[in-house]
Protein chains: 2
Amino acid sequence: MTDTATLIEVGPRDGFQPEAKFIPTDLKLEIIEGLADAGLKRIQATSFVHPKYVPQMADAEEVCARLDRGKGVTYTGLALNGKGVERAAAAGVTHIELSMSASDTHQRKNARRSRTESIAAYRDMFALARDKGLSVRSGVMCCFGCVDEGHVPPRQVLEIAELYAELGADEITISDSTGMGHPKQVKALLGDLRKAVGDIPMVMHLHDTHGRGLANVVASVEAGVTAFDTALGGMGGCPFIEGATGNIPTEDTAELLHGLGLETGVDLHRVAPLSVRMEEFLGKPLSGKLYRLLVAGNADTGLRAAS
Amino acid sequence: MTDTATLIEVGPRDGFQPEAKFIPTDLKLEIIEGLADAGLKRIQATSFVHPKYVPQMADAEEVCARLDRGKGVTYTGLALNGKGVERAAAAGVTHIELSMSASDTHQRKNARRSRTESIAAYRDMFALARDKGLSVRSGVMCCFGCVDEGHVPPRQVLEIAELYAELGADEITISDSTGMGHPKQVKALLGDLRKAVGDIPMVMHLHDTHGRGLANVVASVEAGVTAFDTALGGMGGCPFIEGATGNIPTEDTAELLHGLGLETGVDLHRVAPLSVRMEEFLGKPLSGKLYRLLVAGNADTGLRAAS
């Protein structure tokens, strides 16, 4: 176990994406800048998907053009097809995420392709991204369960991860898109994955749909994975998975990791007001537990003294 | 690690207690009966505190009089002083919970007594309860932090637990009243407590205020404690601790424990409609993540297949 952990902020992509109310580009950039100032060194800023399917991400190019590149932050984008990769490269993105689902049903809904077609398409996308000089993070969605298929056999996750390793992915993201994962399952799968992909860095992308998000963070750390996708205030979800609300919150996850003795470099007190800003803009509470307590000055947990 | 875990339902006491809207006695009994039918074998049904301070519990005697004693369920009550113990015994309660806080400030707010006065009063209450032939569960509140004092030194918890062991408590409850506990701290304290109190059964009473409730359940199980206070739908909190909302939810905790391979005997699908009933009565969402998914039939987690 190392003494640091990495938070990768995905709020501006996975957190904003399912919201029906369009978040103005200015506000998106205000939040992204605030997250950078709070110490987040990696931020997923947008998604290059067709605006017909995800209207919230229609301003991807403008967001990228206006990112402050002087903050020492790595900004990433997500794409689901070759067109998205082309757009990302043209927008000046240097790091891209390309995903596939371990659940065939979810993959069909998300990308409108079968598993076999998806694998062929993935190889093409990956080659294209490399042609464009992009660093590629390869994601596996629905690793721990799918609302349509129920249990997803670990073999289906391992096969995709092995493909990513063969392609030479820079990083592999293991997503519990539906929040169905449980700690025992997380530990077992991460152990198997480590054997399958060698020393390629792994990132956990967890949702708190069943309340086990932070329990699964602890399980991941115990399995040796210390990088996590999080979203300010626990925003997020997948527009194609019913009930898949809530990435694990940046504030809550950082506090947990600090309590485990792992430094993240993230200043919770600077993230929380951004969550309040989004809560006010959207007119509804976010799912994170901590941001309101932090802003109310009511969250002196004594974690430093305790650990 | 055993292959079973015990859930002690505290919703009708800790869950109902902070609600300003009076829950009619008929509805309280409907929920208690439903919980018994769902497999909860221990239910904290009410609290014998002064109705001036907790008006929601003003019907304690009527609730106890109308409990269905034929269901094989142990019903318990909570008291904070001798008067409460007298009332509980007169109401036919056989199991009582008597608590003290590890935080002096919280103890003063909760019982309006200093630590020294509280210890003397506790000895008297305990003796009185034994005189009345009651089984006593002894609770330590604020074991992992206090909003007023911040960090609570483990020594303060151990001292109270040692007093309980000396008195011969039947069971000791370790409460994270503020939800400030974190997994590393939970494991460390439970290890120290086990040495201090010998083989007296311990129960964890966790709140999800900081989102770490279920992570702390896993830590407790790993430390050898497999009994948990839970509340349907994650209702609850302490009326004297600001922001201390949400006991860990019965449904979410049971599903987590089942995923860890521990059987609870609780049928989640029969608990969830009771949470929906309370959500509808109160006109606000409860904090549990799972109950709505269960009622919507959208929570096939495949946990059985996976474990």
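**Exercise 1. Locate Cys142(A) in its chain and decide whether the residue is buried or exposed.**

Solution. Cys142(A) sits in the loop between β5 (135-141) and α7 (154-167) of chain A. Helices (H or I, at least four residues) and strands (E, at least two) are DSSP runs, numbered from the N terminus. The model is predicted: local features need pLDDT of at least 70, side-chain atom pairs count only at pLDDT 80 or more, and totals for chains, interfaces and linings use all residues. Residues are numbered from 1 along each chain as its sequence is written, chains are lettered from A and ligands numbered from 1 in the order in which they are written, and side-chain values use heavy atoms, with hydrogens and water left out.

Next, the backbone: Cys142(A) is not a glycine, yet its phi is positive, about 55 degrees. Last, the accessibility: buried means under 20% relative accessible area, exposed over 50%, and partly exposed in between (1.4 Å probe, protein chains only). Cys142(A) has 1% relative accessibility and therefore counts as buried.

**Exercise 2. Find the phi value and the place of Cys142(B).**

Solution. Phi of Cys142(B) is near 55 degrees, a positive value in a residue other than glycine. Cys142(B) lies in the loop between β5 (135-141) and α7 of chain B. With a relative accessible area of 1%, Cys142(B) is buried.

**Exercise 3. Describe the overall build of chain A, beginning with its helices and strands.**

Solution. Chain A has 13 helices and eight strands. Its radius of gyration is 18 Å, close to the 19 Å that the globule rule gives for 307 residues, so chain A is as compact as a globular protein of that length. The radius is taken over C-alpha atoms, and the globule rule is 2.2 Å times the number of residues to the power 0.38. Along the principal axes, the C-alpha trace of chain A spans about 50 × 40 × 35 Å.

Then burial and contacts. Of the 307 residues of chain A, 62% count as buried. Contact means heavy atoms within 4.5 Å. Among contacts in chain A with a separation of 6 or more, 74% are between residues 24 or more positions apart.

Finally, the charges. Chain A carries 32 positive and 40 negative side chains, and the centres of the two sets lie 3 Å apart. Lys and Arg count as positive and Asp and Glu as negative, while His and the chain ends are not counted. The place of a charge is NZ of Lys, CZ of Arg, CG of Asp or CD of Glu.

**Exercise 4. State which residues Gly77(A) contacts beyond its neighbours within four places in sequence.**

Solution. Gly77(A) belongs to strand β3 (residues 74-79) of chain A. Its relative accessibility is 0%, so Gly77(A) counts as buried. Leaving aside neighbours within four places in sequence, Gly77(A) is in contact with Thr46(A), Phe48(A), Val93(A), His95(A), Ile96(A) and Glu97(A). As a check on distance, Gly77(A) and Val49(A) are 28 residues apart in sequence and 10.0 Å apart in space, C-alpha to C-alpha.

**Exercise 5. Do the same for Met125(A), with its helix and its contacts.**

Solution. Met125(A) is in helix α6 (residues 115-131) of chain A. At 5% relative accessibility, Met125(A) is buried. Not counting residues up to four places away in sequence, Met125(A) touches Leu80(A), Asn81(A), Gly82(A), Val85(A) and Leu98(A). From Met125(A) to Arg113(A) the separation is 12 residues in sequence and 14 Å in space, C-alpha to C-alpha.

**Exercise 6. Classify the ring pair of Tyr122(B) and Tyr164(B).**

Solution. A pair of aromatic rings is described by the distance of the centres and the angle of the planes. Rings of Phe, Tyr and Trp (its six-membered ring) pair if their centres lie within 6.5 Å; planes under 30 degrees apart count as stacked, over 60 as edge-to-face and the rest as tilted. By this rule there are four aromatic pairs over all chains. The ring centres of Tyr122(B) and Tyr164(B) are 4.8 Å apart and the planes are at 35 degrees, so the pair is tilted. The pair links distant parts of the chain: Tyr122(B) is in helix α6 (residues 115-131) and Tyr164(B) in helix α7 (residues 154-167) of chain B, 42 residues apart. Both Tyr122(B) and Tyr164(B) are buried. In chain A, ring pairs link Tyr122(A), Phe126(A) and Tyr164(A) into a cluster.
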